[in-house]
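Here are a few exercises to work through with the model open beside you. Try each task before reading its solution.

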Amino acid sequence: MIKNNHKKIYKISADLLPVDIEIIKVYMQGAVYAFCNIKKDEPFSARILFGGDNGNWNGTPMQKLYDYYIKEGKSKEEAYKSAAIDAGRLLKSLLDGDNYRTFEIVGKDTGTLYKLA
């Protein structure tokens, strides 16, 4: 649950199978829980968890987001940007639907920053 969320949660733009979306969210949940276990008081975002040094999604469920946009004819840069937006939307949806932990929005970098509440 996100305790101070006042903004709408948007659906992703990529037209993926529901099972693929759920697999991506399970993968993301593992990353969120690992981050929170190690860095309890530090904020995180989709960029922190899945960008930068973690931006190569090859071999992970998240690769389907990027591949979708490549198949749609987008350039590599456009596909990466669209997939990153979808990753942020999926992360927010995942955190908002978490029944075991509570998160809060603590700021913004290239996307929303969250923290374990």
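Helices here are DSSP runs of H or I with at least four residues, and strands are runs of E with at least two, numbered from the N terminus. We're working with a predicted model, where local features need pLDDT of at least 70, side-chain atom pairs count only at pLDDT 80 or more, and totals for chains, interfaces and linings use all residues. Residues are numbered from 1 along each chain as its sequence is written, and side-chain values use heavy atoms, with hydrogens and water left out.

**Exercise 1.** Place Q63, then decide: is Q63 buried or exposed?

*Solution.* Start with the element: Q63 sits in helix 3. Next, the cut-offs: buried means under 20% relative accessible area, exposed over 50%, and partly exposed in between, using a 1.4 Å probe and protein chains only. Q63 comes out at 16% relative accessibility, so Q63 is buried. Now look for partners, with contact meaning heavy atoms within 4.5 Å. Skipping residues up to four places away in sequence, Q63 touches W57 and N58. Finally, zoom out: the buried residues of helix 3 include Q63, L65, Y66, Y68 and Y69, and their cover includes helix 1 and helix 4. Just past the end of helix 3, look for G73, which has a positive phi of about 95°.

**Exercise 2.** Work out how helix 3 packs on helix 4.

*Solution.* First, the geometry. Axes are lines fitted to C-alpha atoms, for helices over the stretch in contact, and angles run from 0 to 180 degrees between N-to-C directions. The axes of helix 3 and helix 4 come within 8 Å and cross at roughly 140°. Sort that angle into its class: under 35 degrees is roughly parallel, over 145 roughly antiparallel, 65 to 115 roughly perpendicular, and the rest oblique. Helix 3 is therefore oblique to helix 4. Then pick out the residues: helix 3 brings L65, Y66, Y69 and I70, while helix 4 brings K76, A79, Y80, S82, A83, D86, A87 and L90.

**Exercise 3.** Do the same for helix 1 and helix 4.

*Solution.* Here the axes of helix 1 and helix 4 come within 10 Å, crossing at roughly 75°. That's why helix 1 and helix 4 count as roughly perpendicular. On the helix 1 side, the contact uses I21, I24, K25, M28, Q29 and V32; on the helix 4 side, A87, L90, L91, S93, L94 and L95.

**Exercise 4.** Find the largest nonpolar core and follow one of its residues.

*Solution.* A nonpolar core is a set of buried Ala, Val, Leu, Ile, Met, Phe, Trp, Tyr and Cys residues joined through side-chain atoms within 4.5 Å. The largest one has 29 residues, and M28, V32, F44, L65 and L91 have the most contacts inside it. Helix 1 (18–38), helix 2 (46–50), helix 3 (63–71) and helix 4 (76–96) each give two or more residues to this core. Helix 4 supplies the largest share, seven residues. Now follow L91: leaving out neighbours within four places in sequence, L91 is in contact with M28, V32, F44, S45, A46, L49 and Y114.

**Exercise 5.** Compare K11 and M1, residue by residue.

*Solution.* Both go in the segment before helix 1: K11 and M1. K11 is exposed, at 74% relative accessible area, whereas M1 is partly exposed at 44%. K11 and R89 lie 78 residues apart in sequence, with 6.7 Å between their C-alpha atoms. M1, leaving aside neighbours within four places, is in contact with L95, D96, D98, R101, T102 and F103.
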